[in-house]
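Hi,

Here is the structure I said I would pass on. Have a look at it first, and then read my notes underneath.

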Amino acid sequence: MKLLVIGSGGREHALAWKLAQSPKVQSVFVAPGNGGTAVDPRLNNVPISDPRALADFVRKEKIVLTVVGPEAPLAGGVVDVFREQGLRIFGPTKAAAQLESSKAFAKAFMKRHKIPTADYETFTDAAKAHAYVDEHDAPIVIKADGLAAGKGVVVAMSLPQAHEAIDWMLTDNKLGVQHNEGGARVVIEQFLEGEEASFIVLCDGKHVVSLATSQDHKRLRDDDEGPNTGGMGAYSPAPVVTPNVHAKVMHEIIMPTIQGMAKDGAPFTGFLYAGLMIDSNGNPRTVEFNCRLGDPETQPIMMRLKSDLFDVLMHATDGTLDQVELKWDRRVALGVVMAAHGYPLDPRKGDVITGVPAEAADAVVFHAGTSLAGQDLVTAGGRVLCVTALGDSVRQAQQRAYEMLQGIRFDGAQYRRDIGHRAIKR
């Protein structure tokens with residue numbers, strides 16, 4: 001069997017790495033891929049990004065399954081293009097992907113279907129947005145309506161921060177947001193207290209299978225300080241998601257979302273990611289939806305998955321996920337992101353990377369923003385690598401990941417030294 005993974009980040013490297021382990025899989029193509037997928041003998045990079053050109057490639061190579069990693073091609077309708085041509089692809093349609101591509105759509109959907117989330121208002125007028133923030137005070141959350149590579153959310157702890165975020169999103173577009181129809185728009189919502197967790201499920205339009213829980217670290221610096229990023233590290237499982245919380249999330253958030261999307265005429269197929277805030281009483285509320293796997297959560301999750309991912313995704317595209325039961329490594333997996341100089345606002349590219357260790361049975365360095373310049377591996381994006389390891393406890397997985405990271409060098413490298421700290425303190 002030949003497979004295709006669409007994307008170029010750490011999530012896609014981890015997906016391709018896992019799919020290549022299936023005894024039924026002959027080769028995995030990654031489009032366009034990165035420096036890590038280029039040097040992995042089990043993977044093949046394909047320099048194509050146009051959906052119709054990708055569909056032509058899939059037909060020519062007789063590829064049996066395509067998996068979409070990032071949000072942009074999903075929001076652009078790549079699944080619709082493939083399905084029109086009778087090609088097997090795992091991901092949501094353009095209509096279903098609005099759960100991520102439009103924060104305003106997602107909030108209105110949650111309100112309509114009574115899915116627990118923060119109170120909010122939507123604005124296109126900067127003056128009205130500023131006035132609303134002044135009236136409600138900080139802390140408050142400002143979200144860009146379009147896609148922003150995980151950087152379109154500012155948790156403003158002060159009024160000046162909130163006003164700056166509004167200007168960034170509605171006036172200057174400093175975050176590089178891909179605006180939806182109607183232009184720049186922000187969602188301003190109530191600040192939620194609690195602990196965050198990432199709850200990701202596989203959906204076939206009707207049935208749902210939950211993946212192992214995980215927790216991301218959004219802030220750039222130790223002790224959860226600095227600006228929000230796409231994610232500086234993650235670990236799995238997340239102790240905050242107790243069996244009771246898990247049951248609540250499935251009953252109050254996941255199933256109403258799947259049923260609501262079907263009722264609204266846009267059945268959801270693909271990975272559905274609910275970013276949660278869990279309060280001190282164990283009540284979950286939805287911070288956001290993503291219509292794909294999280295990055296860097298995918299890297300620890302794939303390290304722990306023992307089931308054949310190819311088999312699972314074939315069931316998902318056949319509509320038979322009710323026949324699937326996933327098997328997990330009992331150990332903890334933890335990944336530390338190494339980011340480029342200047343990330344998140346102005347990441348530098350072209351710095352030479354050295355000292356990346358070989359894959360081990362309990363540790364893998366997944367590539368994200370890397371490329372090859374001749375024989376050199378160089379930085380090519382904001383988040384460069386995710387050093388991921390397994391251990392019998394969070395502390396052991398943490399120690400192993402940081403041990404693997406020690407020899408890796410590139411100018412201006414940024415990484416947190418406390419990934420997993422919440423689980424260790426519990």
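Below is what I found, going from the whole protein down to single residues.

Before anything else, please keep in mind that this is a predicted model.

**The whole protein**

There are 426 residues here, and a compact globule with that many would have a radius of gyration near 22 Å; the protein comes out at 20 Å, which agrees. If you want a feel for the dimensions, the C-alpha atoms fill a box of roughly 60 × 45 × 40 Å along the principal axes. In terms of secondary structure, you'll find 14 helices and 23 strands. Of the 426 residues, 59% count as buried. Taking the contacts with a separation of 6 or more, 69% are between residues 24 or more positions apart.

**Two helices that cross**

Next, go to helix α1 (residues 10-19) and helix α12 (residues 309-318). How far apart are their axes, and at what angle do the two pack? The axes are 8 Å apart and the angle is about 105°. Angles of 65 to 115 degrees count as roughly perpendicular, so α1 is roughly perpendicular to α12. On the α1 side, the contact is made by Leu15, Lys18 and Leu19, while α12 brings in Leu309, Phe310 and Leu313. Sorted by type, the residues of this contact are 5 nonpolar and 1 charged, with no polar ones.

**Helix α9 and what covers it**

Helix α9 covers residues 159-172. Its 14 residues should span 20 Å at 1.5 Å a residue, and the end C-alpha atoms are 18 Å apart, which agrees. Which of its residues are buried? They are Ala162, His163, Ala165, Ile166, Trp168, Met169 and Leu170. The cover over these buried residues includes the strands β6 (120-123), β7 (140-144), β8 (153-156) and β9 (186-190), along with helix α8 (126-136).

Just after α9 comes Asn173, with a positive phi of about 50°. From there you can hop to Gln190, which sits in strand β9. Asn173 and Gln190 are 17 residues apart in sequence, and their C-alpha atoms are 22 Å apart in space. Gln190 is partly exposed, at a relative accessible area of 32%. Leaving out residues up to four places away in sequence, Gln190 touches Ala118, Asp119, Val141 and Arg285.

**Helix α7**

Helix α7 takes in residues 103-112, and its buried residues include two lysines, Lys103 and Lys107. Ala104, Ala106, Phe109 and Met110 are buried there too. After α7 you reach Lys114, whose phi is positive, near 55°.

**Backbone details to look at**

Some background for this part: most residues other than glycine have a negative phi, and most peptide bonds are trans. With that in mind, here are a few places to click on.

- The loop between β13 (219-221) and β14 (225-228) holds Asp223. Asp223 is not a glycine, yet its phi is positive, about 60°. Is Asp223 buried or exposed? With a relative accessible area of 55%, Asp223 is exposed.
- Asp224 lies in the loop between β13 and β14 as well. Asp224 also has a positive phi, near 55°. Its relative accessible area is 25%, so Asp224 counts as partly exposed.
- The peptide bond from Ala138 to Pro139 is cis, with omega near 0°. You'll find Pro139 in the loop between α8 and β7.
- The bond from Ser236 to Pro237 is cis too, again with omega near 0°. Pro237 belongs to the loop between β15 (233-236) and α10 (243-263).

**One last stop**

Finally, try Arg395, which lies in helix α13 (residues 394-405). Arg395 is partly exposed, with a relative accessible area of 45%. What is the distance between the C-alpha atoms of Arg395 and Ile424? They are separated by 6.5 Å, although the two residues are 29 apart along the chain.

If you'd like a place to start, pull up α1 and α12 and look at how they sit roughly perpendicular to each other. After that, go to α9 and look at what covers its buried residues, β6 and α8 among them.

Cheers

Definitions and conventions: Residues numbered from 1 in each chain as written. Predicted model: local features only at pLDDT ≥ 70, side-chain atom pairs only at ≥ 80, totals over all residues. Heavy atoms only, no water. Axes fitted to C-alpha atoms, helices over the stretch in contact; angles between N-to-C directions. Helix = DSSP H or I, 4+ residues; strand = E, 2+ residues; numbered from the N terminus. Parallel < 35°, antiparallel > 145°, perpendicular 65-115°, else oblique. Contact = heavy atoms within 4.5 Å. Nonpolar A, V, L, I, M, F, W, Y, C, P; charged D, E, K, R; others polar. Expected span 1.5 Å × (residues − 1). Buried < 20%, exposed > 50% of the residue type's maximum accessible area, 1.4 Å probe, protein only. Rg over C-alpha atoms; globule rule 2.2 N^0.38 Å.
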